[in-house]
Amino acid sequence: MQLSPTPRLRPIAAAAALALAAAVLPAVPAAADDDLAQVRATLETPPNYDDEAGGNANADDPAIWSHPDDRDGDLVIAPLKEGGLVVYDAAGREIQRFAAPAPPRPGDEPGRFNNVDLIYGFQLGRHKVDLAVVSDRGRDTVRSYVIDPDEAEDHRAPLTDVTDPSAPFVFSSSLDDVNEQATAYGLASWGDSDGGGYVALSRRHTSRLGLVRLVATRAGTITYRHVRDLDLPTSFPVPGGTWTPCEDPGEGPQVEGMVADPEHGVLYAAQEDVGIWRIPLDGAPRLIDKVKEYGVPATYNPDTEECDPSGPDPGVGGEHITADAEGLSIYKQDDGEGYLIASSQGDNTFVVYDREDPTDYIGRFRIAPGTLVDGSEVCDGAMVTSAPIGRFTSGLLVVHDGENTPVAVDENGEVRENTNFKFVDWKDVADPLDLAVTPGDWDPRD
């Protein structure tokens with residue numbers, strides 16, 4: 001089964017949104033803290049620094065590309081926000097980097113690459129190619145890059161930018177609108193059997209999701225056309241009334257982490273202060289798990305620019321995810337089996353659900369500090385694959401680390417914001433949680 005645009009993502013009126021929100025599942029008891037698996041990374045990528053000296057590079061949600069013939073040519077592709085797009089080999093060494101686009105006019109926002117995902121077998125002219133697609137939050141566009149297997153195998157420069165220069169804005173109506181930065185944010189992509197491709201995107205500071213279909217041009221570039229939008233709820237029924245997550249003034253409960261599961265015909269979306277939505281091919285989205293803070297009243301404090309609790313906890317929150325709910329990824333096995341993995345950013349853990357029944361909670365783990373590689377904290381995104389990748393013959397999990405160590409300081413003694421990616425052998429995750437290890441069982445090109 002393939003995800004397709006008809007009739008998939010539809011606008012939802014506010015009243016309908018509240019009704020479907022009431023259909024959330026009851027909380028499932030979480031594993032005790034002593035059941036939290038402690039997992040350690042095998043290696044990590046070089047640090048990225050979010051300052052002028054570091055090119056304003058700030059790591060986010062990665063993607064793992066599987067070479068068709070040679071595991072030595074496998075890649076990890078990752079956004080660095082204003083630092084652009086970086087390509088690593090399977091040993092974590094940087095082999096290519098793209099700069100984010102410059103502002104089109106003085107005073108405009110520059111490009112800012114937020115999330116990346118993959119499409120295998122996209123029809124571009126007479127050839128089928130693999131694509132990396134990126135949400136440019138700064139310019140409100142989707143950028144597309146062809147991946148060359150020969151260049152990847154030789155560890156040269158495997159990606160080529162094929163974004164059409166006239167690609168439209170995803171959500172904005174004008175350049176001035178783009179500068180308000182309610183723009184393309186999270187991203188998930190998938191291909192179809194006809195060599196086409198779709199990209200689902202979230203809109204920053206809102207609950208809106210948009211769907212676009214990629215279109216190849218005669219010039220050999222890639223643009224896209226808008227298909228439809230979906231508005232997730234912004235308020236939710238709780239005992240004794242309605243709960244609206246506290247946000248900065250003028251902002252709503254946004255989505256960033258997303259992942260498509262075309263074999264099951266669904267898209268998963270993590271609404272940061274709410275929980276994880278399962279959006280099926282037909283029918284209404286369903287909230288399959290909630291953050292622990294769900295339903296807790298809070299009020300924005302302009303002095304501290306924080307949300308302060310303003311009432312008792314009604315006890316309707318989830319048991320597994322501490323807000324924010326962030327990156328989502330799927331460990332895919334043959335015949336639709338596997339696991340959905342979510343980043344629980346607020347407590348630096350990852351939550352595992354059954355892929356076939358994502359209401360079935362399996363367990364939690366943490367990427368803990370090791371002897372040579374530190375752990376992962378404040379994780380925005382992750383990707384897992386069951387395919388053998390480089391030396392990782394049992395599969396690979398790559399996670400963002402929002403607080404990389406050792407700490408680095410600038411010439412003024414100020415701590416530099418330091419982020420990177422950790423590479424984790426899937427077997428090291430699977431063993432303590434009694435999960436499957438099935439390398440080669442699933443092929444991304446099938």
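Strands, like helices, are DSSP runs, numbered from the N terminus, with at least two residues for a strand. With that in mind, Asn-348 can be placed in this predicted model: Asn-348 sits in the loop between strand S25 (338-344) and strand S26 (349-354). The backbone of Asn-348 has a phi near 60°, a positive value in a residue other than glycine. Most residues other than glycine have a negative phi, and most peptide bonds are trans. Asn-348 has a relative accessible area of 24%, so this residue counts as partly exposed, since that class lies between the 20% limit for buried and the 50% limit for exposed.

A second residue with this backbone feature is His-155. Its phi is also near 60°, again a positive value in a residue other than glycine. His-155 belongs to the loop between helix H2 (149-153) and strand S11 (159-161). With a relative accessible area of 26%, His-155 is partly exposed.

It helps to step back and view the protein as a whole. The protein contains 4 helices and 30 strands. Its C-alpha trace spans about 60 × 55 × 50 Å along the principal axes. A compact globule of 446 residues would have a radius of gyration near 22 Å, and the 21 Å of the protein agrees with this. Of the 446 residues, 58% count as buried. Contacts across the sequence tell a related part of the story: among those between residues at least 6 apart in sequence, 58% join residues at least 24 apart.

The outer surface and the charges can be described in the same spirit. About 17,700 Å² of the protein is exposed, and carbon and sulfur atoms supply 46% of this area. The protein carries 35 positive and 79 negative charges, and the mean positions of the two groups are 6 Å apart.

Which cysteines are joined by a disulfide? A disulfide is a covalent bond between the sulfur atoms of two cysteines. A search of the whole structure finds 1 disulfide, and the partners are Cys-246 and Cys-307, with an S to S distance of 2.1 Å. The pair links distant parts of the chain, 61 residues apart: Cys-246 is in the loop between strand S17 (241-243) and strand S18 (255-261), while Cys-307 is in strand S23 (residues 306-309). The angle about the S-S bond is -80°, and the link of Cys-246 and Cys-307 is left-handed. Are these two cysteines buried or partly exposed? Cys-246 has 18% relative accessibility and therefore counts as buried, whereas Cys-307, at 30%, counts as partly exposed. Another cysteine, Cys-379, has a relative accessible area of 4% and is buried.

Next to Cys-379 in the numbering comes Asp-380, a residue found in the loop between strand S27 (361-368) and strand S28 (382-385). Asp-380 is buried, with a relative accessible area of 16%. Which residues does Asp-380 contact, leaving aside its neighbours within four places in sequence? They are Asp-60, Lys-81, Glu-326, Gly-327, Gln-345 and His-400. The fold also brings in Asp-61: the C-alpha atoms of Asp-380 and Asp-61 are separated by 6.2 Å, although the two residues are 319 residues apart along the chain.

Glu-153 offers a similar example. This residue is found in helix H2 and, at 32% relative accessibility, counts as partly exposed. Not counting residues up to four places away in sequence, Glu-153 touches His-67, Asp-70, Asp-72 and Gly-73. One of these, Asp-70, is 83 residues from Glu-153 along the chain, yet their C-alpha atoms are separated by 6.8 Å.

Finally, the backbone includes cis peptide bonds. Where do they occur? A cis peptide bond joins Ala-323 and Asp-324, with omega about 10°, and Asp-324 lies in the loop between S23 and strand S24 (325-332). A cis peptide bond also joins Thr-405 and Pro-406, where omega is again about 10°. Pro-406 has its place in the loop between strand S29 (396-401) and strand S30 (418-425).

Terms used: Residues numbered from 1 in each chain as written. Predicted model: local features only at pLDDT ≥ 70, side-chain atom pairs only at ≥ 80, totals over all residues. Heavy atoms only, no water. Rg over C-alpha atoms; globule rule 2.2 N^0.38 Å. Buried < 20%, exposed > 50% of the residue type's maximum accessible area, 1.4 Å probe, protein only. Contact = heavy atoms within 4.5 Å. Areas by Shrake-Rupley, 256 points an atom, 1.4 Å probe, with all protein chains shown as cover. Lys, Arg positive; Asp, Glu negative; His and termini not counted. Charge placed at Lys NZ, Arg CZ, Asp CG, Glu CD. Disulfide = S-S within 2.5 Å.
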